[in-house]
Amino acid sequence: MKNYRITVNGVTYDVEVEEISADQMGEQAGRTAAAPSAPAPAPKAPAKKAPAKAAGAAGSITVNAPMPGKIVDIRVKAGDQVTKGQVAVILEAMKMENEICVPQDGTVASVEVSVGDGVEGGNVLVTMD
């Protein structure tokens, strides 16, 4: 047995860990786990969402975030002429930078996010006309 002290979300837990072999793992599969001695930690706070902007300047075509992440670069601004496949925003998700491209030729009507914003999948990043 090994004893560890673990801190999760500011709450410290003392835990005891026993190393077992693969054979013992199979034997214990049918047993139920003992009740935990410490309360479960509180759920992690969700990522900061991008603030909603006024809908007055929004275009008819939207470029949405395909996944949750953080905006690390914005390559377009309102009024820019863009072509299909041009990179509009760089979205970091799971430590990878993803290029979010415009779906067609047009003019950028508005940029709905700022560098550093956290976004959820489906959030509007850029609108176009």
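This is a short tour of one predicted model, going from the whole chain to a sheet and then to a surface patch.

**Before selecting anything**

Residue numbers start from 1 along each chain as its sequence is written. Because the model is predicted, local features need pLDDT of at least 70 and side-chain atom pairs count only at pLDDT 80 or more, while totals for chains, interfaces and linings use all residues; side-chain values use heavy atoms, leaving out hydrogens and water.

**Stop 1: the whole protein**

Show the protein as a cartoon. It has 1 helix and 10 strands; these are DSSP runs numbered from the N terminus, helices being H or I with at least four residues and strands E with at least two. Followed from the N terminus, the order is β-β-α-β-β-β-β-β-β-β-β.

Now switch to a surface view. About 9,000 Å² is exposed, and carbon and sulfur atoms supply 53% of that. Accessible areas come from the Shrake-Rupley method with a 1.4 Å probe, and for residues only the protein chains shown count as cover. Of the 129 residues, 27% are buried (buried is under 20% relative accessible area, exposed is over 50%, and partly exposed is in between, with a 1.4 Å probe and protein chains only).

**Stop 2: the four-stranded sheet**

Select β3, β10, β8 and β5. They form an open sheet of 4 strands in that order, with antiparallel pairing; two strands pair if DSSP finds at least two bridges between them. The edge strands, each pairing on one side only, are β3 (61-64) and β5 (81-82).

**Stop 3: strand β10 and its partners**

Select residues 124-128, which are strand β10. How many of the 5 residues in β10 are buried? The count is 4, so to speak of β10 as mostly covered is fair.

Add β8, residues 106-111, which pairs with β10 in the antiparallel sense over 3 bridges. Here V108 stands opposite M128, and V111 stands opposite V126.

Then add β3. It runs antiparallel to β10, joined by 4 bridges, and V63 of this pair stands opposite V126.

**Stop 4: a nonpolar patch**

Select Y4, I6, V8 and V17. Together they form a nonpolar patch on the surface with about 310 Å² of accessible area. Patches are made of residues with over 30% relative accessible area and no salt bridge, joining like charges within 9 Å and nonpolar side chains (Val, Leu, Ile, Met, Phe, Trp, Tyr) within 5 Å. A salt bridge is a side-chain nitrogen of Lys or Arg within 4 Å of a carboxyl oxygen of Asp or Glu.

Strand β1 (residues 2-8) gives the largest share of the patch, 3 residues.
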